[in-house]
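Here is a short set of exercises to work through with the model open beside you. Try each task before reading its solution.

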Amino acid sequence: MATKEVRDVDPYAAVESLRAALTEAGIVLPSLRVDAASPDLKLVELGRIHADVADRLATALRRGGLE
């Protein structure tokens, strides 16, 4: 498996970008936020979701986000 280069991305901008893309696909992740416990790692917390939301997210990803 090839390794991917890690880009320096602002986690707050990443959260808003992901939230907007998910909204366009009709998906809401209520717990989506920046993980404040480890700011140096720039982690994004996705949270727990219902199985139907996980299924819709998988479908949207398979379709390239176009439903």
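**Exercise 1. Around the end of the first helix**

Which residue just after H1 takes a positive phi?

Solution. This is a predicted model, so please read every value below as computed from it. Go to the end of helix H1, which covers 11-24. Just after H1 you meet glycine 26, with a positive phi of about 75 degrees. For another positive phi, go to lysine 42, where the angle is about 55 degrees although this residue is not a glycine. Lysine 42 sits in the loop between S1 and S2.

**Exercise 2. The length and faces of H1**

Check the span of H1 against its number of residues, then work out how its buried residues are arranged.

Solution.
- Step 1: H1 has 14 residues, and at 1.5 Å a residue they should span 20 Å. The C-alpha atoms at the two ends are 20 Å apart, which agrees.
- Step 2: find the buried residues of H1, which include Pro11, Val15 and Leu22.
- Step 3: look down the helix axis. The buried residues of H1 fall within an arc of 45 degrees, so they line one face of the helix.
- Step 4: turn to the face of H1 pointing away from that buried side, where you find the exposed residues Thr23 and Glu24.
- Step 5: ask what the buried residues of H1 pack against. Their partners are strand S1 (33-34), strand S2 (44-45) and H2.

**Exercise 3. The nonpolar core**

List the residues of the largest nonpolar core and say which helices supply at least two of them.

Solution.
- Step 1: collect the members. The largest nonpolar core has nine residues: Val15, Leu22, Ala25, Ile27, Leu29, Leu32, Val34, Val53 and Ala60.
- Step 2: assign them to helices. H1 and helix H2 (51-62) each supply at least two residues of this core.
- Step 3: take one core member, leucine 32, and trace its contacts. Setting aside residues up to four places away in sequence, leucine 32 touches Val15, Leu18, Arg19, Leu22, Val44, Glu45 and Leu46.

**Exercise 4. Two partly exposed nonpolar residues**

Place valine 44 and leucine 57 in the fold, and find what each one touches beyond its sequence neighbours.

Solution.
- Step 1: valine 44 belongs to strand S2. Its relative accessible area is 32%, so valine 44 is partly exposed.
- Step 2: leaving aside neighbours within four places in sequence, valine 44 is in contact with Pro11, Val15, Leu32, Arg33 and Asp35.
- Step 3: compare chain and space. Valine 44 and arginine 19 are 25 residues apart along the chain, and their C-alpha atoms are separated by 11 Å.
- Step 4: leucine 57 is in helix H2. With 22% relative accessibility, leucine 57 counts as partly exposed.
- Step 5: not counting residues up to four places away in sequence, leucine 57 touches Leu22 and Ile27.
- Step 6: leucine 57 and serine 17 lie 40 residues apart in sequence and 15 Å apart in space, C-alpha to C-alpha.

**Exercise 5. The salt bridges**

How many salt bridges are there, and which parts of the chain does the one between lysine 42 and aspartate 8 tie together?

Solution.
- Step 1: recall the principle. Side chains of opposite charge can pair when their charged atoms come close. The cut-off used here is a side-chain nitrogen of Lys or Arg within 4 Å of a carboxyl oxygen of Asp or Glu.
- Step 2: apply this rule, and the count comes to three salt bridges.
- Step 3: the side chains of lysine 42 and aspartate 8 meet at 2.3 Å, N to O. Lysine 42 is in the loop between S1 and S2 and aspartate 8 is in the segment before H1, so this pair ties together parts that are 34 residues apart in sequence. Lysine 42 is partly exposed at 38% relative accessibility, whereas aspartate 8 is exposed at 67%.
- Step 4: glutamate 16 and arginine 19 form a salt bridge at 3.7 Å, N to O. These residues are three apart in helix H1, so about one helical turn separates them. Glutamate 16 is partly exposed at 46%, and arginine 19 is partly exposed at 31%.
- Step 5: arginine 56 and aspartate 52 form a salt bridge at 3.6 Å, N to O. Both lie in helix H2, four residues apart, about one turn of the helix.

Note on methods: Residues numbered from 1 in each chain as written. Predicted model: local features only at pLDDT ≥ 70, side-chain atom pairs only at ≥ 80, totals over all residues. Heavy atoms only, no water. Core = buried A, V, L, I, M, F, W, Y, C linked by side-chain atoms within 4.5 Å. Buried < 20%, exposed > 50% of the residue type's maximum accessible area, 1.4 Å probe, protein only. Contact = heavy atoms within 4.5 Å. Expected span 1.5 Å × (residues − 1). Arc of directions from axis to C-beta.
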